[in-house]
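Please open the structure in your viewer and keep a selection panel at hand. The tour begins at one residue pair and then widens step by step.

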Amino acid sequence: MSKKQFAVIGMGRFGISVAKSLSQMGFDVLAIDSDENRTQAIANLVTHAVSADSTDEEALRALGIRNFDVVVVAIGQDIQSSILTTLILKDLGGPVIVAKAQNELHGKVLSKIGADKVIHPERDMGLRVAHHLTSPNIIDYIEISEEYSILELKATPSMIGKNLIELNVRAKYRCNVMAIKKEGGKQMNISPDANDRLNSDDILVVVGQKDDLVKLELAMTQGK
């Protein structure tokens, strides 16, 4: 099976981070930006890097953009270019389109014109920072829909030595423990035994509605 090919359009901080990470994971990555200095800066970190105007349909055709599996539209402040690029990609057909949104309205427009997935990096990072600030035991927070999120919660003092039956997370907070990371995250147990007792370095991976997760966070942090 051939490995997936990705194109990332827009070499701002977000675009560079995505392109570099995909390349480090072993995928073929084409980095595109209208600024030649930016493409030169990342040229040694990806498979190919080219300077091109992504709002020019012929330029994208010439790059063979339809042959890629996924195209990430990571254009920064220029919302008009982001929308036009997404429209052109949709018309060309072929790849899955993942587009970065600057705000909620921008995200709605991207969805309506055909982006397969819209991401809000600034908003999502704000959520993660907020959860880290409110609880030192929050390792990560990932929004998976408008209503549901996944929380990684380091075992608090009130949880240590207890098992999942005693914690009774589902009944008390309407959340589900999907997995438990052992040894500080080195091992993942995706089928935790309800009778296994939690250690101080265990991390619970919990899914639930956002309001319920907040209640869980506060309760566990306060030792309830």
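## From one bridge to the whole chain

Begin by selecting Ile32 together with Val50 of strand E3, since these two residues are bridge partners in this predicted model. Next, extend the selection to strand E2, which covers residues 28-33, and to strand E3 at residues 48-51; the two strands run parallel and are joined by four bridges. As a general point, strands of a sheet pair through backbone hydrogen bonds, in either a parallel or an antiparallel manner.

In what order do the strands of the open sheet follow one another? Select all six strands, and the order reads E3-E2-E1-E4-E5-E6, with parallel pairing. At the edges lie strand E3 and, at residues 117-119, strand E6, each of which pairs on one side only. If you look across the sheet, the twist from one strand to the next averages 15 degrees.

Now show the protein as a cartoon, in which nine helices and 11 strands can be located. Along the principal axes, the C-alpha atoms fill a box of roughly 60 × 35 × 30 Å. Colouring by accessibility is a useful next view: of the 224 residues, 42% are buried, while the accessible surface amounts to about 12400 Å², with 50% of that area belonging to carbon and sulfur atoms.

If you then display contacts between residues at least 6 apart in sequence, 53% of them join residues at least 24 apart.

Finally, select the charged side chains: there are 26 positive and 29 negative ones, and the centres of the two sets are 6 Å apart.

Terms used. Residues numbered from 1 in each chain as written. Predicted model: local features only at pLDDT ≥ 70, side-chain atom pairs only at ≥ 80, totals over all residues. Heavy atoms only, no water. Pairing = 2+ DSSP bridges. Axes fitted to C-alpha atoms, helices over the stretch in contact; angles between N-to-C directions. Buried < 20%, exposed > 50% of the residue type's maximum accessible area, 1.4 Å probe, protein only. Contact = heavy atoms within 4.5 Å. Areas by Shrake-Rupley, 256 points an atom, 1.4 Å probe, with all protein chains shown as cover. Lys, Arg positive; Asp, Glu negative; His and termini not counted. Charge placed at Lys NZ, Arg CZ, Asp CG, Glu CD.
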